[in-house]
Every structure is written in structure tokens, then in C-alpha cells.
Amino acid sequence: MKEFFSHIRGAVVSTLVLAIVCCGLYPLIVFGISQLLFRDQANGSLITSADGNVRGSKLLGQAFSDPKYFHPRPSAAGNGYDATSSGGSNLGPTSQKLDNAIKERIAAYRGENGVSGTEPLPADAVTASGSGLDPEISLRNAELQVRRVGKARALSEDKVRELIQQNTDGRDLGVFGDPGVNVLQLNLALDQQR
């Protein structure tokens with residue numbers, strides 16, 4: 001019986017030591033290192049306005065539909081840009097529902113941006129992403145929206161293009177992927193042009 005209690009005591013002590021190390025010390029060390037070396041990323045890459053209010057994250061797309069703003073890539077996350085329902089539509093390439101949705105988006109995009117029926121549209125203008133929360137659009141998508149945004153804000157197209165360039169991220173590691181325009185940052189920059 002004495003040996004049994006010795007084993008129980010060893011198991012309880014081992015559990016307590018592992019709980020303190022794994023559930024206390026290790027998370028505190030990781031938290032401290034992340035706050036010290038990667039503060040912005042560890043806190044969600046938040047974008048704050050001049051008055052200190054959080055406007056969003058550089059990593060999550062938001063819905064913009066007003067003509068004076070650049071519009072993001074369509075979202076299939078929940079009712080659109082719902083971070084609690086992140087995900088794609090799961091509709092395959094042969095889906096009639098997907099085909100109809102894309103045709104509707106093409107017509108709406110061409111109408112609101114004054115794009116002719118023969119000009120090709122970038123895929124990110126009419127298709128939702130896998131996460132539904134993409135924060136960026138392609139340079140071509142942004143370029144097609146310049147006329148509408150400039151007109152709605154009474155800004156020159158050159159000024160709007162300048163803001164696009166200022167809010168364009170380069171390729172990953174300088175060689176991978178295509179440059180993208182962060183929609184939230186660009187729209188906040190537009191709001192500062194008053």
C-alpha cells in the first residue's frame with residue numbers, strides 16, 4: 001500500500017510540475033518574446049487612426065460599398081467579411097450557383113466602375129477567396145476602380161493612383177506572388193485627403 005501512495009504522489013507531483021511549466025512558464029516566455037520582438041504582429045497588426053481608435057487589421061478584409069471607397073475582393077465568409085465564419089463557398093468549378101454569382105458580380109463591377117464589356121476583369125474582382133477575408137486586391141483591380149473613386153471624392157485620378165502606389169505591398173521575399181493593394185489602408189489614406 002505504501003508503494004501505491006508513493007506512485008500516486010509521484011504522478012501528482014509530475015502533473016503539477018508539467019502544468020506549471022507547460023501552462024504557465026512556457027506561454028509567458030513565448031508571450032514575452034513575441035511582445036519584445038514582434039509587437040505589431042503579436043497584437044493583430046492593428047491599424048489605428050490619428051486619434052488612437054482601432055480601425056481594423058492589416059490582415060483582415062472589411063466590407064466597403066460606398067462609391068468613394070475602393071471595394072475589396074468579394075467575400076463568402078458568413079454574410080461577408082465575418083471573421084467568425086471564415087471560409088470559402090465550397091462551390092466547385094461546375095457549380096451553376098457559382099457561375100450565376102460570378103456573372104452577377106461581373107455585371108455589378110462593370111456597371112459601378114464603368115468598365116466596357118470587352119475589357120477583361122481581374123479574377124479577384126469577381127471571385128471570393130478561400131478565407132473570405134482577403135485584405136488586398138490586385139493592382140489591376142485597384143486601377144479599374146480609380147475613375148469611380150476619384151469622381152466620388154473630387155480627386156484627380158493621378159492623386160488616387162499615387163495613393164494606390166503608397167499602399168501597395170511588394171512581392172513576398174521580393175520574388176513570390178504579385179504585389180497587392182491593402183484596401184483598408186488605402187481607404188484610410190483617402191479619408192485623410194479631405
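Which backbone nitrogen does a side-chain oxygen of asparagine 182 reach at the start of H6? To find out, select asparagine 182 and leucine 184 in this predicted model, where the side-chain oxygen of asparagine 182 comes to within 3.3 Å of the backbone nitrogen of leucine 184.

Before going further, colour the protein by pLDDT, whose mean is 87, with 98% of the residues reaching 70 or more. Among the elements, helix H4, residues 139-153, has the highest mean pLDDT, 94, whereas the lowest, 83, belongs to strand E1, residues 46-48.

Now select the whole of helix H6, residues 183-191, which is mostly covered, since 8 of its 9 residues are buried. Among these buried residues are Val183, Leu184, Asn187 and Asp191. If you then show the surroundings of H6, you will find that its buried residues pack against E1, strand E2 (54-57), strand E3 (136-138), H4, helix H5 (157-166) and strand E5 (180-182).

From there, move to the strands E3, E5 and E4, which form an open sheet in that order, with antiparallel pairing. Its edge strands are E3 and E4 (168-169), each of which pairs on one side only. Between E3 and E5 there are 3 bridges, and selecting isoleucine 137 shows it standing opposite valine 181 in E5. Keep the sheet in view and add H4, which packs on it and touches E3, E4 and E5, with a direction that makes about 85° with that of E3.

The next stop is the charged side chains, for which the count comes to 9 salt bridges. In helix H3 (residues 96-113), select aspartate 99 and lysine 103, which lie 4 residues apart, about one turn of the helix; the closest N and O atoms of this salt bridge are 3.1 Å apart. Aspartate 99 counts as partly exposed, at 32% relative accessibility, while lysine 103 is exposed, with a relative accessible area of 51%.

Finally, go to helix H5 and select arginine 161, which forms a salt bridge with glutamate 157, the closest N and O atoms being 3.3 Å apart, and another with aspartate 158, where the corresponding separation is 3.8 Å. Along the helix, glutamate 157 lies 4 residues from arginine 161, and aspartate 158 lies 3 residues from arginine 161. Aspartate 158 is exposed, with a relative accessible area of 60%, whereas arginine 161 is partly exposed at 29%. To end the tour, add Glu143 to the selection, as salt bridges with shared partners join Glu143, Glu157, Asp158 and Arg161 into one network.

Notes. Residues are numbered from 1 along each chain as its sequence is written. This is a predicted model: local features need pLDDT of at least 70, side-chain atom pairs count only at pLDDT 80 or more; totals for chains, interfaces and linings use all residues. Side-chain values use heavy atoms; hydrogens and water are left out. pLDDT is the predictor's confidence in each residue, from 0 to 100. Helices (H or I, at least four residues) and strands (E, at least two) are DSSP runs, numbered from the N terminus. Buried means under 20% relative accessible area, exposed over 50%, partly exposed in between (1.4 Å probe, protein chains only). Contact means heavy atoms within 4.5 Å. A polar contact is a pair of N or O atoms within 3.5 Å; within protein, one must be able to donate a hydrogen and the other to accept it, and residues adjacent in sequence count only if both atoms are side-chain atoms. Two strands pair if DSSP finds at least two bridges between them. Axes are lines fitted to C-alpha atoms, for helices over the stretch in contact, and angles run from 0 to 180 degrees between N-to-C directions. A salt bridge is a side-chain nitrogen of Lys or Arg within 4 Å of a carboxyl oxygen of Asp or Glu.
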